Amino acid sequence: IDECTAGTHNCRVDQVCINLRGSFACQCPPGYQKRGEQCVDIDECTIPPYCHQRCVNTPGSFYCQCSPGFQLAANNYTCVDINECDASNQCAQQCYNILGSFICQCNQGYELSSDRLNCEDIDECRTSSYLCQYQCVNEPGKFSCMCPQGYQVVRSRTCQDINECETTNECREDEMCWNYHGGFRCYPRNPCQDPYILTPENRCVCPVSNAMCRELPQSIVYKYMSIRSDRSVPSDIFQIQATTIYANTINTFRIKSGNENGEFYLRQTSPVSAMLVLVKSLSGPREHIVDLEMLTVSSIGTFRTSSVLRLTIIVGPFSF
């Protein structure tokens with residue numbers, strides 16, 4: 001007789017009736033164990049090792065869970081790492097998978113934003129004022145340097161003067177081109193003014209035969225030079241030297257004109273030479289014309305002559 005089917009058994013509702021030959025038995029269902037007359041759930045999570053990471057007990061059974069960044073394998077017990085960079089890449093630029101998680105990185109010139117996912121451009125121009133010699137221009141992921149007109153960028157950051165006299169300039173045939181820091185100027189090839197005449201040595205000479213020349217310097221030589229703005233002082237900038245040396249004479253040097261504000265000082269370095277010294281810093285762009293005079297007097301006072309070097313100093317607009 002199958003007492004379990006006939007209902008003549010006395011098993012509790014939380015038990016399972018098992019028919020036996022000539023009798024029956026009351027058992028607890030799978031996942032339960034008998035404690036006295038009651039069937040009590042077995043906590044499989046206290047009986048290792050079932051789950052790889054996390055175990056969740058349920059009435060009569062259990063199941064396994066994985067930590068964030070992992071997923072259950074096909075056996076429902078083992079946890080395997082999720083490659084977030086392949087599955088759902090949230091990184092704006094570079095993604096690197098690590099065990100149980102991932103990290104984002106940015107390309108050069110960018111930095112991670114506060115959400116650790118997106119990338120923000122680094123404004124290199126704000127980080128330092130020494131990146132560029134003149135002007136820094138921020139660009140996405142990088143920066144570039146700019147130079148003012150008359151200069152070109154070299155080695156990515158430095159400004160170098162463009163020699164317009166070697167490229168294109170607007171000087172006429174009767175003019176000479178003079179390059180300076182940041183630009184160029186045109187000067188007459190023959191700067192001599194009446195009563196001076198130009199000699200083959202490019203000197204302007206006043207003929208002795210001309211009565212107008214008696215009170216004028218015997219010769220005027222025109223020279224040009226360029227200096228950068230805000231040059232450090234004191235600084236030797238130009239040397240003047242006698243081209244013709246007379247016996248038994250004494251030479252003295254002076255700044256005849258062009259030094260009204262005291263920017264220059266003329267230091268005699270030998271009996272036939274002197275050095276022009278810059279003693280006050282000059283800011284450009286500007287042009288200074290300084291007349292340097294050499295007065296020659298014979299030791300017995302029978303001979304006296306003078307010559308002038310007219311120096312045009314062009315101060316560039318910048319310190320480079």
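## Phe264 and the core around it

Let's start with Phe264 in this predicted model. Setting aside residues up to four places away in sequence, Phe264 touches Ile237, Ile255, Gly258, Asn259, Leu276, Val277, Leu278, Val279, Leu282, His288, Val290 and Ile313. Phe264 also belongs to the largest nonpolar core, a group of 21 residues. Along with Ile237, Phe238, Leu276, Leu292 and Ile313, Phe264 is among the members that touch the most others in that core. Six strands each give two or more residues to it: S21 (219–227), S22 (235–241), S24 (264–270), S25 (273–278), S26 (286–298) and S27 (304–315). The top contributor is S27, with four residues.

There's a second core too, separate from this one. It has twelve residues, including Tyr187, Cys213, Ile220 and Tyr224. As a general backdrop, nonpolar side chains in soluble globular proteins tend to be buried together.

## An open sheet of six strands

Strands S21, S26 and S27 turn up again in an open sheet of six strands. Reading across, the order goes S19-S20-S21-S27-S26-S23, and the pairing is mixed. S19 and S23 (249–257) are the edge strands, each pairing on one side only.

At the S19 end, S19 runs antiparallel to S20 (residues 204–205), and two bridges join them. One residue to look for here is Ile197, whose bridge partner in S20 is Val205.

## Two pockets

How much volume does the largest pocket have? It comes to about 420 Å³. Its lining is made of 22 residues, and those closest to the centre are Arg203, Ser219, Thr243, Met294 and Ser307. S21, S22, S26 and S27 each give two or more residues to that lining, with S27 supplying the largest share at five residues. Sorted by class, the lining has ten nonpolar, ten polar and two charged residues.

The second largest pocket holds about 290 Å³ of space. Of its 15 lining residues, Cys213, Arg214, Leu216, Pro217 and Gln218 sit nearest the centre; Cys213 is also one of the members of the second core. S26 and S27 each supply at least two lining residues, and S27 has the largest share here, with three. By class, this lining has six nonpolar, four polar and five charged residues.

## The S15–S16 hairpin

Further back in the sequence, strands S15 (residues 151–154) and S16 (residues 158–161) pair antiparallel over four bridges. One of the pairings is between Val153 and its partner in S16, Cys159. The two strands form a hairpin with three residues between them.

The turn has some backbone angles to check out. Arg155 has a positive phi of about 50°. Ser156, in the loop between S15 and S16, also has a positive phi, near 70°, though it's not a glycine. Is Ser156 buried or exposed? Its relative accessibility is 56%, so Ser156 counts as exposed.

## Met176 and Gln193

Met176 lies in strand S17 (residues 175–180). With a relative accessible area of 22%, Met176 is partly exposed, because buried would mean under 20%. Beyond its neighbours within four places in sequence, Met176 is in contact with Cys171, Arg185, Cys186, Tyr187, Pro188, Arg189 and Tyr224. Among those contacts, Tyr187 and Tyr224 are part of the second core. Met176 and Cys165 are eleven residues apart in sequence, and their C-alpha atoms are 8.9 Å apart.

Gln193 is found in the loop between strands S18 (183–188) and S19 (197–198). It counts as exposed because its relative accessibility is 58%. From Gln193 to Glu170 the C-alpha distance is 23 Å, with a sequence separation of 23 residues.

## Backbone details in the loops

Where are the cis peptide bonds described here? One joins Val233 and Pro234, with omega at about -5°, and Pro234 sits in the loop between S21 and S22. Another runs from Gly284 to Pro285, with omega near 0°; Pro285 is in the loop between S25 and S26.

One more positive phi is worth finding on the model. Asn76, a residue other than glycine, has phi near 65°. Look for Asn76 in the loop between strands S7 (70–72) and S8 (79–81).

Technical notes: Residues are numbered from 1 along each chain as its sequence is written. This is a predicted model: local features need pLDDT of at least 70, side-chain atom pairs count only at pLDDT 80 or more; totals for chains, interfaces and linings use all residues. Side-chain values use heavy atoms; hydrogens and water are left out. Buried means under 20% relative accessible area, exposed over 50%, partly exposed in between (1.4 Å probe, protein chains only). A nonpolar core is a set of buried Ala, Val, Leu, Ile, Met, Phe, Trp, Tyr and Cys residues joined through side-chain atoms within 4.5 Å. Contact means heavy atoms within 4.5 Å. On a 1 Å grid over the protein atoms alone, a cavity is a set of points where a 1.4 Å probe fits but cannot get out, and a pocket is an open set with protein on both sides within 12 Å along at least five of seven lines; lining residues have an atom within 4 Å of a point. Grid points are joined across faces, edges and corners, and a volume is the space filled by probe spheres set on the points. Ala, Val, Leu, Ile, Met, Phe, Trp, Tyr, Cys and Pro count as nonpolar, Asp, Glu, Lys and Arg as charged, and the others, Gly among them, as polar. Two strands pair if DSSP finds at least two bridges between them.
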